[in-house]
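Hi,

Here is the structure I said I would pass along. Have a look at it first, and then read my notes underneath.

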Amino acid sequence: MFFGDCYTIRAVVSRIALVFVLTVPLFAQGGMGFNPTGMWTAMYHEDELERTDPGSPAGDYLGIPINDDARLRADTWDGDLVSVLQHQCIPHSAIYAMRAPTGLKIGTVNDPASGEIVAFIIDGTYTGPRTIWMDGRPHPSQFAPHSWAGFSTGVWEGDTLRIETTHIKSGYLRRNGIAFSDQASLTEFLDLHDKYLTLMTIAEDPVYLTEPLVRTESWVWNPYQVFTPIAGYGSCLPSPEIPRPYGWVPHHLPGTNTVVREFSLEYGVPFEASRGGAETMYPEYRKKLKQMAIPRAKVFDVQFEQERKKRAEAK
């Protein structure tokens, strides 16, 4: 009886262990944390004016850890540059494109033999489709060509998809001239909360940034979304938009751009603060703001005048 009881106990324990192994979530075994494939509609509860139209005002460098070189490049930038023929069809690079006003279509590339997911394809961004390789391949040499989408690899960390992107062509951090160099890299963390897809991005650039820049964006699952590929990276054909002389290049010489002061005056932000830098990212900067002269915001004057006219018309 003793040996029979031991055998029975061992058999039961073995079966329980087998059931436990078979029911462990895939991500705990190095598999997929969740399946992000599908249609996703962008949400704009964060940074709406920056991410949609009209975009960040010229001279608004707040919250961006830029250095003097990046600040000078932004100060000499002119918004009319995007109307030049050579610039009209340039896509946004991966670091900015995920913040652009667009929905997402996420699909997969599967191994034809095993059916395992080799890569995720994120489409709908202004770079064109992004391929996130999931098969463990290494990033290419530092001398390999750069692209708008860059080269991305992904790994699951629990139920979070971590994406590393390198080999990105230089582009905008903001649509007001703040740029990143082709030495920049991007780390992304993709999470699913109920029907909401959240992306946290960390941009690093040894040329123009003094600290990593951390931002977040969200999308909501929408199987009814009609996906339309974004014009610009496909069959874009440049055409003259503004009558200008041949060879015209919009720009501002150093120290001549007066437009960069308009943001400060319009919104009542001290000009020194509008110049950005790493310190403007942190709450402690409020102590320094108290020591600055804060201009009267013009937007309030405009609003008061509109309200005054409405009251006068109502009478």
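**Helix H3**

In helix H3, which spans residues 68–76, the buried residues are Ala70, Arg71, Ala74 and Asp75. Their directions from the axis span an arc of only 135 degrees, which means that they sit on the same side of H3. The N-terminal end of H3 is capped by Asn67, with a side-chain oxygen 3.2 Å from the backbone nitrogen of Asp69. Before you go further, keep in mind that this is a predicted model.

**The chain as a whole**

Some overall numbers, in case you want them for your own checks. The chain has 315 residues, and 37% of them are buried. Its secondary structure adds up to nine helices and eleven strands. Taking the contacts with a separation of 6 or more, 61% are between residues 24 or more positions apart. The accessible surface is about 18700 Å², and carbon and sulfur atoms account for 59% of that.

**The barrel**

Nine of the strands form a closed barrel, in the order E1-E2-E3-E4-E5-E6-E9-E10-E11, and the pairing is mixed. From one strand to the next, the twist averages 30 degrees.

I followed the barrel from E4 through to E9, and the pairings go like this:

- E4 (residues 130–133) runs parallel to E5 (residues 151–157), and two bridges join them. On this side, Trp133 is opposite Thr153 of E5.
- E5 and E6 (residues 160–166) are antiparallel, with seven bridges between them. Among the bridge partners, Phe151 goes with Thr166 in E6, and Val155 goes with Arg162 in E6.
- E6 then pairs with E9 (residues 185–193), again in the antiparallel sense, over five bridges. Here Thr165 has Leu186 of E9 as its bridge partner.

So how buried is E5? Five of its seven residues are buried, so E5 is largely enclosed by the rest of the structure. The hairpin that E5 makes with E6 has two residues between the strands, and one residue there, Gly158, has a positive phi near 70 degrees.

**Two aspartates to look at**

Since you will probably look at the backbone angles anyway, here is some background: most residues other than glycine have a negative phi. Two aspartates in this model go the other way.

Asp47 is not a glycine, yet its phi is positive, at about 55 degrees. You will find Asp47 in the loop between strand E1 (38–43) and helix H2 (48–51). Is Asp47 buried, partly exposed or exposed? Its relative accessibility is 40%, so Asp47 counts as partly exposed.

Asp194 is also not a glycine and has a positive phi, of about 60 degrees. Asp194 belongs to the loop between E9 and strand E10 (196–204), so on the barrel path this loop comes after the E6 and E9 pairing described above. With a relative accessibility of 71%, Asp194 counts as exposed, because the cut-off for that class is over 50%.

That covers my notes. Write back if you want to go through any of it.

Cheers

Key: Residues are numbered from 1 along each chain as its sequence is written. This is a predicted model: local features need pLDDT of at least 70, side-chain atom pairs count only at pLDDT 80 or more; totals for chains, interfaces and linings use all residues. Side-chain values use heavy atoms; hydrogens and water are left out. Two strands pair if DSSP finds at least two bridges between them. Helices (H or I, at least four residues) and strands (E, at least two) are DSSP runs, numbered from the N terminus. Axes are lines fitted to C-alpha atoms, for helices over the stretch in contact, and angles run from 0 to 180 degrees between N-to-C directions. Buried means under 20% relative accessible area, exposed over 50%, partly exposed in between (1.4 Å probe, protein chains only). Contact means heavy atoms within 4.5 Å. Accessible areas come from the Shrake-Rupley method with a 1.4 Å probe; for residues, only the protein chains shown count as cover. The arc is that of the directions from the helix axis to the C-beta atoms. A polar contact is a pair of N or O atoms within 3.5 Å; within protein, one must be able to donate a hydrogen and the other to accept it, and residues adjacent in sequence count only if both atoms are side-chain atoms.
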